[in-house]
Amino acid sequence: MGIMRSSININTKIVGVIGHPIKHTLSPLMHNHAFKELDLDYVYLPFDISSTGLHDSLKGMVALGIRGFNVTLPHKERIMEYMDELSDSAKIVGAVNTVVSDNGKLIGYNTDVTGIIKTLDEFKAEIKGATVSVLGAGGAARSAIYTLINHFNVKKINIINRTVEKAESLKDYFSSKMLFTKIKTYELFPPDVTEVLAKSKLIINTSSVGMSPDEDDTPTSIPESFNKKQIVFDIIYNPEYTKFLALAKEQGALTINGLKMFVEQGARSFDLWTNEAMPTDQILELLSKKEKMENN
Ligand code: ATR
C-alpha cells in the first residue's frame, strides 16, 4: 500500500539496457510500465554503449549504484569476462543478457533461456524425446539448443544455418560441453532441408531472417516443410507474424511468435533486480496492441 509515486526521487533505483545500436527496443516500455503497475520505485533507461566503452560502463554502473542491466548486441558474449559470477546457463550458453549488481558484485545471467522454457513448457510432454530443428547458429540458437538439451530432453537436434561451419562448431561445442552427441548440421538450402524440417516435431527459427524491415524474407517458402503435427516457434516478434510463421500456420502447424519469449525473459530479469513478479499477461497485451497499431 505505497503512496503513488509520480516522479523520480532520491530513492529511485536505476536499471536499463546497454547495447549498440540501441534503437527499436521495447524493453524500456515493458519494464517502466511494470514498475508503474506495481508501484516500484525504479526507472529503466536505454544506454547506447559501443564496444570500446563496455568495461567503463560497468565501472560506471557500480560507481553510480545502478541495480542492473539488460545486455544486447554486440556485448552479450564479451561482457562475460567482466562478471564476478555467472549462472550455469550463462556459462554454458556463452552469453549474458542480464547483469545484477549485488552491492557492486556483478552477476551475469541468461534469461533468454527462461523465456524459451516459459514459452514452450506447455508442450513439454510432446517435445521430450522428439527430433527438433533449429534454424540459425548465432547467440539465440545457443540459448535454444542449451534449453532443448537441458530442460526438454529432446532426442535429436538438427542445426540448419546459412554458414554451415557455424552450425558445425555449435555441434562440437554442445557435444563437448553437454555431452549431447545427437546433433546433425545442414546448410540452409530450402529444397534440401524440406524433409528434415517436415520430420521435426518442433522447429525454432532463431535466425534474423524475416525480421522487420525485411519482412518479405523467410528461411524457407516451401509449404511441404510444415504439417499439422508440428509446433513452429519463431523468436521474432516484429512483425508479429513472419512469413515463415504464416506459411507454417497455413499448413496446419501450431505456431508461436517471439512476443511471449521476449516478455518472459524480461520478467525473469525484472525478478532478479526487484524480487517482484512482472504482471506478464498485462504486459503481453500492452505490447501486442502496440505491435498491431504500428503495423496498421
Ligand atoms: P543472434 O545472437 O540474435 O542469434 P547472430 O549471432 O548475429 O544473432 O545470428 C544471426 C543468425 O541469423 C545466424 O545464424 C545467421 O546466419 P550466418 O551464421 O550464416 O551468418 C542468420 N542470418 C542472418 N541473416 C541471414 C540471411 N539473410 N540468410 C540466412 N541466414 C541469416
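Contact is taken here to mean heavy atoms within 4.5 Å. The structure is a predicted model, in which local features need pLDDT of at least 70 and side-chain atom pairs count only at pLDDT 80 or more, whereas totals for chains, interfaces and linings use all residues. Residues are numbered from 1 along each chain as its sequence is written, and side-chain values use heavy atoms, with hydrogens and water left out. Helices (H or I, at least four residues) and strands (E, at least two) are DSSP runs numbered from the N terminus, and two strands are said to pair if DSSP finds at least two bridges between them.

One open sheet consists of six strands in the order β2-β1-β3-β5-β6-β4, and its pairing is mixed. Strands β2 (42-48) and β4 (85-86) stand at the edges with a single partner strand each, so one side of each is left without a neighbour in the sheet. Strand β4 is joined to strand β6 (residues 105-109) by two bridges, the two strands running parallel, and E85 stands opposite I107 in β6. Helix α1 packs on this sheet, where it touches β1 (13-19), β2 and β3 (68-71), and its direction makes about 170° with that of β2; here axes are lines fitted to C-alpha atoms, for helices over the stretch in contact, and angles run from 0 to 180 degrees between N-to-C directions. Helix α2 (residues 54-64) also packs on the sheet, touching β1, β3, β5 (98-102) and β6, with a direction at about 155° to that of β3.

A further open sheet, also of six strands, has the order β9-β8-β7-β10-β11-β12 with parallel pairing. Its edge strands are β9 (183-187) and β12 (254-256), each of which pairs on one side only, and the twist from one strand to the next averages 15°. Five bridges join strand β8 (residues 156-161) to β9, and these two strands run parallel; within this pair, I157 stands opposite I183 in β9. Helix α7 (residues 164-177) lies across β8 and β9, and runs at about 170° to β9. Helix α9 (residues 243-250) packs on the sheet as well, touching β7 (131-135), β10 (202-205), β11 (231-234) and β12, and its direction makes about 165° with that of β11.

Residues associated with this sheet and its helices were examined for burial, where buried means under 20% relative accessible area, exposed over 50%, and partly exposed in between (1.4 Å probe, protein chains only). In helix α8 (residues 190-198), V193, T194, V196 and L197 are buried, and what covers the buried residues of α8 includes β7, β8, β9 and β10. T131, which is placed in strand β7, is buried with a relative accessible area of 19%. Its neighbours within four places in sequence being left aside, T131 is in contact with K155, K156, N158, K199, S200, K201 and L202; the C-alpha atoms of T131 and K199 are separated by 7.6 Å, although these residues lie 68 residues apart along the chain. T242, in the loop between β11 and α9, is likewise buried, with a relative accessible area of 2%, and, neighbours within four places in sequence again being left aside, T242 is in contact with G210, D234 and I236.

Two packed helices are described by the angle between their axes and the distance between the axes. Helix α1 (residues 27-37) and helix α10 (residues 259-274) pack at an angle of about 50°, with their axes 11 Å apart. That makes α1 oblique to α10, given that angles under 35 degrees count as roughly parallel, over 145 as roughly antiparallel, 65 to 115 as roughly perpendicular and the rest as oblique. The crossing of α1 past α10 is right-handed, a crossing being left-handed if the near helix is turned anticlockwise from the far one by less than a right angle, and right-handed if clockwise. The contact is made by S27, M30, H31, A34 and F35 of α1 together with F262, V263, Q265, G266, F270, W273 and T274 of α10.

The axes of α10 and helix α11 (residues 280-294) come within 10 Å and cross at roughly 135°; α10 and α11 are therefore oblique to each other, and their crossing is right-handed. In this contact, L259, K260, F262, V263, E264 and A267 in α10 meet T280, I283, L284, L287 and S288 in α11.
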